[in-house]
Amino acid sequence: ELIWPLDVALLVIYPLIAVCIFGTIATRKEKLLFVSAWYIAGSMTWTAVMWFVGNAVWEPANGSIGGINDSILLWFYGHNVFGLTITPLAVGAALSAYDTARQYSIERLQFGRPIGSFQLTQAKLAEMLREITKGQLLVWRLGRLMDEGRATHQQVSLAKMNNIDMALQIARSARGILGAAGIVDDFPVMRHMANLESVNTYEGTHDIHTLVLGRWITGLNAFS
């Protein structure tokens, strides 16, 4: 348990950070908003609310606020919760990029035919759908493990690393199908790609998750 002044300080800091992020969103000039900004702000807000409601019992004897254990702030707990949220977020971005590319391939004509009728375009779309389906199953299984209290932070690292990589590759493939149209804001593909690059950094980069999994697999620590 944390001492009560630190409890109170964190309860104040969390909503203030969320307010700053909401202010950034509200004052953006662009019509399209980054999903990650909403995700972070919402997470900070609801974490503070749930923590406050759960820690409703005052314990002056040991100078702490009882209720939900303060392990909610520990790295591995936060890593699991945030990682589980990011993992389906990546699937959603991948689905949007895939659907945009699929619709564009049906409507865009080249040499008198929709580009979706060409083998290479169909191969890209089929591969995108295959990877998205695997990512969805990974999210479903991880969610069930979290519900059962059996998910480990290594499993979350595996899911987060896989789905972010998958979504980035699908966004790049979708951008290729759209051609030059893929880099303009008429379509959401480049926005998803930029957003996924930011998600690829916070909550652990690809390299960090690789080291986490390597230690889990071998039992040997490659970093100190």
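**Exercise 1. Place Asn-200 and describe its surroundings.**

Start with the chain: Asn-200 sits in the loop between helix 6 (189-199) and helix 7 (206-218). Helices here are DSSP runs of H or I with at least four residues, numbered from the N terminus. Before going on, note that this is a predicted model, where local features need pLDDT of at least 70, side-chain atom pairs count only at pLDDT 80 or more, and totals for chains, interfaces and linings use all residues. Residues are numbered from 1 along each chain as its sequence is written, and side-chain values use heavy atoms, with hydrogens and water left out.

Next, is Asn-200 buried or exposed? With a relative accessible area of 17%, Asn-200 is buried (under 20% relative accessible area with a 1.4 Å probe, protein chains only; exposed is over 50%, partly exposed in between).

Last, look at the partners. Setting aside neighbours within four places in sequence, Asn-200 is in contact with Lys-160, Ile-164, Asp-165, Leu-168, Thr-205 and His-206 (contact: heavy atoms within 4.5 Å).

**Exercise 2. Work out how helix 5 and helix 6 pack.**

Take the geometry: the two helices pack at an angle of about 155°, their axes 9 Å apart. The axes are lines fitted to C-alpha atoms over the stretch in contact, with angles from 0 to 180 degrees between N-to-C directions. So helix 5 is roughly antiparallel to helix 6 (over 145 degrees; under 35 is roughly parallel, 65 to 115 roughly perpendicular, the rest oblique).

Then the residues: on the helix 5 side, Lys-160, Ile-164 and Leu-168 are among those meeting helix 6, whose own contributors include Met-193 and Leu-196. Sorted by class, this contact has eleven nonpolar, no polar and four charged residues (nonpolar: Ala, Val, Leu, Ile, Met, Phe, Trp, Tyr, Cys and Pro; charged: Asp, Glu, Lys and Arg; polar: the others, Gly among them).

**Exercise 3. Do the same for helix 4 and helix 5.**

Helix 4 (residues 119-147) and helix 5 (residues 153-178) pack at about 160°, with axes 10 Å apart. That makes helix 4 roughly antiparallel to helix 5.

On to the contact: helix 4 brings residues including Leu-125, Met-128, Ile-132 and Gly-135, and helix 5 brings Ala-159, Met-166 and Ile-170, among others. The tally by class is 13 nonpolar, six polar and two charged.

Now check burial along helix 4: Leu-125, Met-128, Ile-132 and Gly-135 are among its buried residues.

To finish, see what comes after helix 4: Gly-149 follows, with a positive phi near 75°.
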